[in-house]
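Biologist: Could you take me through this model, term by term? I'd like to hear what stands behind each label.

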Amino acid sequence: MLQQSRRAVLLVLAALLVAAPARADDKLKVVASISIIGDFVKNVGGDRVEVATLVGPNSDAHIFSPTPTDAKTLGAAKIVFVNGMGLEGWMTRLAAASGAKVAPIVVTTGVKPRQEEDGHHAVDPHAWQSIANAKIYVANIRDGLKKADPAGAAAYDANAKAYLDRLDALEHEVRDTLGKIPPGRRKIITTHDAFGYFGRAYGVQFIAPSGVSADSEPSARDIAKIIAQVKRQNIPAVFLENVSDPRLMQQIARETGAKIGGTLYSDALSEPSGPAATYVEMMRNNLGELAKALAP
Ligand SMILES: [Zn+2]
């Protein structure tokens with residue numbers, strides 16, 4: 001009798017062990033350099049991975065300065081994903097400081113790089129702004145996870161397949177929506193320099209205001225230059241996020257007839273409660289803002 005009940009207890013324990021969900025300690029510790037790559041990893045890794053992102057939502061990867069906590073996070077990672085193309089200039093030093101045991105996987109491997117148009121001939125790192133490129137990121141992430149955690153291969157394949165299907169649907173949505181805007185109207189003035197891949201993929205011109213610094217608040221003289229350029233190039237919409245004085249934006253709208261656009265997300269996702277908490281939401285947000293501003 002005693003023997004039997006002991007056996008029953010053991011069976012129950014065994015069943016509990018099988019049914020128990022993976023504890024955080026059992027999960028594959030993954031570090032992503034930026035929030036957009038972190039979102040891809042979450043979609044492909046599902047509940048097998050624990051993702052930490054170094055450059056968080058609403059933060060700038062170009063001017064990121066890592067903390068000792070970031071070094072610790074990186075040092076504990078079993079796998080690290082970076083964009084490459086010169087985006088994470090801080091990574092080499094951080095990796096050395098962290099004692100990281102793994103070499104970062106560059107998720108843009110296989111992406112056709114685009115040269116920046118400012119005459120410096122540097123590679124434009126914002127490749128994720130083309131959904132076709134995002135699919136290459138996702139495939140590289142899937143393959144990296146499978147290599148680091150072969151037991152999860154089937155799960156990573158299935159998750160990646162489902163997410164790639166969503167990206168296909170998203171790309172159709174972008175092409176359909178922008179396709180309704182006459183080609184001659186698909187141009188905006190913006191100080192964002194992150195939409196080169198988007199523009200090339202979907203036929204939208206993102207034009208920098210000429211002779212105006214993108215880094216500081218434009219002066220009255222800069223605003224006059226922008227107004228002249230909008231009129232000269234017949235530009236239907238203006239997205240200028242470094243102009244904090246709404247009266248200047250109203251002045252541009254009044255004097256040119258151009259529409260003033262809302263917020264475009266380029267390098268980082270928003271906070272979870274914001275309009276761009278995931279890559280798919282970010283692309284939909286930008287598409288909605290562009291379509292609204294460019295509609296005839
Ligand atoms: Zn950028």
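Biologist: Why are helices α2 and α5 called oblique to each other?

Modeller: Their axes cross at roughly 55°. Angles under 35 degrees count as roughly parallel, over 145 as roughly antiparallel, 65 to 115 as roughly perpendicular and the rest as oblique. So α2 and α5 are oblique. The axes are lines fitted to C-alpha atoms, for helices over the stretch in contact, with angles from 0 to 180 degrees between N-to-C directions.

Biologist: What makes up the contact between α2 and α5?

Modeller: From α2 (residues 35-45), Ile37, Phe40, Val41, Val44 and Gly45 take part, and from α5 they meet Ala134, Tyr137, Val138, Ile141, Arg142 and Leu145. Contact here means heavy atoms within 4.5 Å. By the way, this is a predicted model, where local features need pLDDT of at least 70 and side-chain atom pairs count only at pLDDT 80 or more, while totals for chains, interfaces and linings use all residues. Residues are numbered from 1 along each chain as its sequence is written, and side-chain values use heavy atoms, with hydrogens and water left out.

Biologist: What makes His62, His126 and Asp267 donors of the zinc ion?

Modeller: Donors are N, O and S atoms within 2.8 Å of the metal (3.2 Å for Na, K and Ca), and since water is not among the atoms, sites may look incomplete. His62 and His126 each offer NE2 and Asp267 offers OD, at 1.8 to 1.9 Å from the zinc ion, so these atoms fit the definition. Along the chain the spacing reads H-x63-H-x140-D. His62 sits in the loop between β2 and α3, and Asp267 in the loop between β10 and α10, 205 residues apart.

Biologist: How do you know whether His62 and Asp267 are buried or exposed?

Modeller: Buried means under 20% relative accessible area, exposed over 50%, and partly exposed in between (1.4 Å probe, protein chains only). Asp267 has 12%, so it is buried. His62 has 41%, so it counts as partly exposed.

Biologist: Why is strand β1 described as largely enclosed?

Modeller: Because 6 of the 7 residues of β1 (residues 28-34) are buried, the rest of the structure largely encloses it. Across the protein, buried residues make up 44% of the 296 residues.

Biologist: How do you know that β1 and β2 are paired?

Modeller: Two strands pair if DSSP finds at least two bridges between them. β1 and β2 have 6 bridges, in the parallel sense, so they pass. One example is Ala32, whose bridge partner in β2 is Thr53. Strands are DSSP runs of E with at least two residues, helices are runs of H or I with at least four, and they are numbered from the N terminus.

Biologist: Which sheet do β1 and β2 belong to?

Modeller: An open, parallel sheet with the order β2-β1-β3-β4. Its edge strands are β2 and β4, each pairing on one side only.

Biologist: What makes β8 and β10 edge strands in the sheet β8-β7-β9-β10?

Modeller: β8 (205-207) and β10 (259-260) each have a single partner strand, so one side of each is left without a neighbour in the sheet. β9 and β10 pair over 2 bridges, in the parallel sense, and Val238 stands opposite Ile260 in β10.

Biologist: What packs on that sheet?

Modeller: Helix α10 (residues 279-294) touches β7, β8, β9 and β10, at about 140° to the direction of β9. Helix α8 lies across β7, β8 and β9, running at about 170° to β7.
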